[in-house]
Amino acid sequence: MSKSKSIKIDWAGYDPGIAYDEMIDRPGIARNAGRGLAEQLASLSARQLSQRQLSAENAILETGITFTVYSEGQNIDRAWPFDIVPRTLERTEWERTEAGLKQRLRALNHFIHDMYHEQRMVKEGRFPREILESSKNFLPACVGANPAHQVWANICGSDLVRDKDGTIYVLEDNLRVPSGVSYMLENRSITKQVFPELFARQKIQPVDDYPAELFNMLVSLSPRPGDDPEVVVLTPGIYNSAYFEHSYLARRMGAELVEGSDLVVGDDDCVYMRAIEGLTRVDVIYSRINATFLDPEVFEKESLLGVPGLIRSWRAGKVAIANAPGTGVADDKVVYIYVPDMIRFYLDEEPILPNVPTYQCADPESLPFVLDNLPELVVKPANESGGYGMLVGPQSNRDEQNEFREIIRKNPRNYVAQPVITLSTVPTVIDRKLEPRHVDLRPFVLQGENLYVTPGGLTRVALRRGSLVVNSSQGGGSKDTWVVG
Amino acid sequence: MLSRVAERVYWMSRYLERVESAARLVNVYGELLLDLPDDARLDWSVALQILGMEEAYRNDAGTEEELSFLLLSPDNIASVLNSLNFARENARTTRDIVPSEAWRAVNELHLYARDKLPSMVRRPGSRVPLKIIGRCQEITGILEGTMSHGPAYQFVCLGRSLERADMTSRMIDVAAAIMLTGREELELHSSTIWRAVLRSLSAYQMYRQYVRRRILGEDVIRFLLMDESFPRSIKCCIRSLEKSLQNLPRHENTAAPMNDVSRHLDSIDLDTATYETLHQFADELQVELADLHAAIFETWLNPMKVA
């Protein structure tokens, strides 16, 4: 077989099967938002396409965009896996999604504040007490605290998926230390180098505002009035898998990147940074350390990552921490089930964005259904991230299912089940051709004094054919995301 | 600027200077031992003395040979290899601040040394010390040429100058101590020994250019202590320290110990000095340099007062 270097992309032959494709409506026909891109791609030969993919990969290597995977006891820095074909979204559809995301975060923050105060939603019977009590992430040390604007989750990464009928669902809300935003920014930067002509021809919403918006939100949390609060990014250090992002955001915001040992809490309960200028007061901490490692006085006594006395300072209102400790109470796949109820209870509104239908194994009515239908369901632990410890029914065999049934029976509270969503697809460069691959979307929502949502967000793509697992630690990649129009 | 970062950059610089000094010393010393007759009875223990390793050698070395202990023993915390490990670790954790070329050069130097130091032990006269010196100079050049001369760079200079002044004073100290023994054999070879001292501080050529006389102990010492233009003289190290301190915020606390060092240097009367007074002078100078380091530490690397 000779190599056909000049073959052009044949959209008529592109077949996403039953999945909803984000760019292509029917064979040969692009959706509105994807039309300009589809035409541009159709004008490229396989060789040109592959060259652009290669130049993107080189740019990533040169810029040193990496992520770290823990594997066999070692940290391995891998180059960020990126596909040059962006995922497109219609602006009017996006505006509705954005409103839904803001609504969701507002409700979640009401919930968290309520759980650390009167617990009205529980008392009024709209949220089960047993779920709160069995939540691993409810931190008693946070009861009664009053973060600025009563907002606990300042940064939220809500994962969105689109099913085969085109409906967008919220898959989960990542409220603790959601990551990926730096890759979103770098993806846009690389795409501008690969497809500069498209940015001139179409209106694509910019994403570069994020560091400025993040900084403004953090500033709005400062306990000291004035123009120049000291904002720092608190990182566990260079061995952390997301260190690249910590360092990146600190630099783009012009904030100092600190580790626990750089901070000290004074007798006045204020937080200070150990600097050559002397001890410098810190007003706002953007923490990328898990809450339970923040303060050895209160939480894990063995932790070397945190700052003794930090929680004392936070409770006294002398320092703001984003996201506030204790936020994790809402970062739980069982609590997720009640978010639509939270929207109704706290905001008196109907949810704009639906949850994925979710069954709780802890519910005696749902458990038999789940156990009987494992081959058709995705079963996940309530508290893990990264796609580990779950069962993807249709891709498992009888033995795996039986094993998993036993695991569920031992600890039903820890598991939830959802029907398999056939994730939407986006054309992806595979061996010089374009093939459909499944994607999800992680927009980032900020709340301080005001709310902000990134236009689009980070699109994660499962690079293996048919795979629905998009996490980078398990072989996923990512794409730029365009809100067009 | 974070104290932690200042501390890392300061120590990276000190360790690199230490490595360069050790390489110079070993380079010259090996030749010196070959030049001197057996009756001079000088051995590697003097080099250990200069580098402050003789006590550790007596306690921890077991049957290991001096040169091996000096260069690469894991039991010697001040060995050249360990110093490079620390320098590399400090460079690696300050990659956001220090030019990336410098990190790359430090990393490569570390790999090179790990690879080649064992052969240096086996083959005296190897070119490895010269290569190490060259790579250290490369790093110095990269930092001077591509690092903004802001606070971080001042700490690089402070570390280097302190270490350099300390090393020069040790060299003079030990040379004076040796000459103090009054042994005739050493007196006979006095100019050979003093030439070696100059060469191990890379001062020989400049000495000959600026001091056009035979190599006499007093002149060498005057040059190494007081010369206004030779960059490795203690006087020049002090100038560099003063300049860097003034470029840092809140340097008032370091003024007193800095003045002590400076005044002490100016206090010695080289016309009437004996080897004994020199030995004492060098000892005291080292203590004052240590006090200056302590002041640097308290002021910037471990601040206790609110800005």
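Let's start with a hairpin: in this predicted model, strands S10(A) and S11(A) form one with 5 residues between them. Look at the turn, please. Asp269(A) sits there with a positive phi of about 70°.

How are the two strands joined? S10(A), residues 263-265, runs antiparallel to S11(A), and 3 bridges join them. If you want one pair to click on, take Val264(A), whose bridge partner in S11(A) is Tyr272(A).

Now follow the chain onward, to the other hairpin that S11(A) takes part in. A hairpin through 2 residues joins S11(A) to S12(A). The pairing here is antiparallel again, over 5 bridges, with S12(A) covering residues 278-282. A pair to look up is Val271(A), which has Val282(A) as its bridge partner in S12(A).

So much for the partners of S11(A); what about its surroundings? Is this strand buried or exposed? Strand S11(A), residues 271-275, has 5 of its 5 residues buried, so the rest of the structure largely encloses it. Let me take that face by face. In a regular strand, side chains alternate between the two faces of the sheet. Here, Val271(A), Met273(A) and Ala275(A) lie on one side, with Tyr272(A) and Arg274(A) on the other. Both faces are covered, and the residues on each are all buried. Yes, that does include an arginine, Arg274(A).

Please jump with me to another strand of chain A, S24(A), at residues 476-484. Of its 9 residues, 8 are buried, so S24(A) is also largely enclosed by the rest of the structure. Which way do its partners run? S5(A), residues 82-90, is parallel to S24(A), with 6 bridges joining the two. In that pairing, Leu89(A) has Val483(A) as its bridge partner. S23(A), residues 458-462, is antiparallel to S24(A), and 4 bridges join them. There you can look for Val461(A), bridged to Gly477(A).

Let's zoom out to the domains of chain A. The assignment gives domain 1 as 1-356 + 421-485, and domain 2 as 359-419. Taken over C-alpha atoms, the two centres are 26 Å apart. How many residues does each domain bring to the contact? Domain 1 of chain A gives 13 and domain 2 of chain A gives 12. On the domain 1 side, the residues divide into 6 nonpolar, 4 polar and 3 charged.

Next, the contact between the chains. Chain B supplies 16 residues and chain A supplies 15. On the chain B side, helix H1(B), residues 3-35, contributes the largest share, 3 residues. That side of chain B is made up of 10 nonpolar, 2 polar and 4 charged residues.

I'd like to finish on one residue, Trp300(B). You will find Trp300(B) in helix H15(B), which spans residues 275-301. Why do we call this tryptophan buried? The cut-off is 20 or more other C-beta atoms within 10 Å, and Trp300(B) counts as buried because 28 other C-beta atoms lie within 10 Å. And what does Trp300(B) touch, leaving aside its neighbours within four places in sequence? From its own chain, the contacts are Ser3(B), Ala6(B) and Leu248(B), and from across the chains comes Ile276(A). For a sense of distance, choose Gln209(B): it is 91 residues from Trp300(B) in sequence and 40 Å away in space, C-alpha to C-alpha.

Thanks, everyone, and do have a look around the model yourselves.

How values were computed: Residues numbered from 1 in each chain as written. Chains lettered and ligands numbered in written order. Predicted model: local features only at pLDDT ≥ 70, side-chain atom pairs only at ≥ 80, totals over all residues. Contact = placed C-beta atoms within 7 Å. Nonpolar A, V, L, I, M, F, W, Y, C, P; charged D, E, K, R; others polar. Domains from an automatic or database assignment. Buried ≥ 20, exposed ≤ 12 C-beta atoms within 10 Å, placed from the backbone. Pairing = 2+ DSSP bridges.
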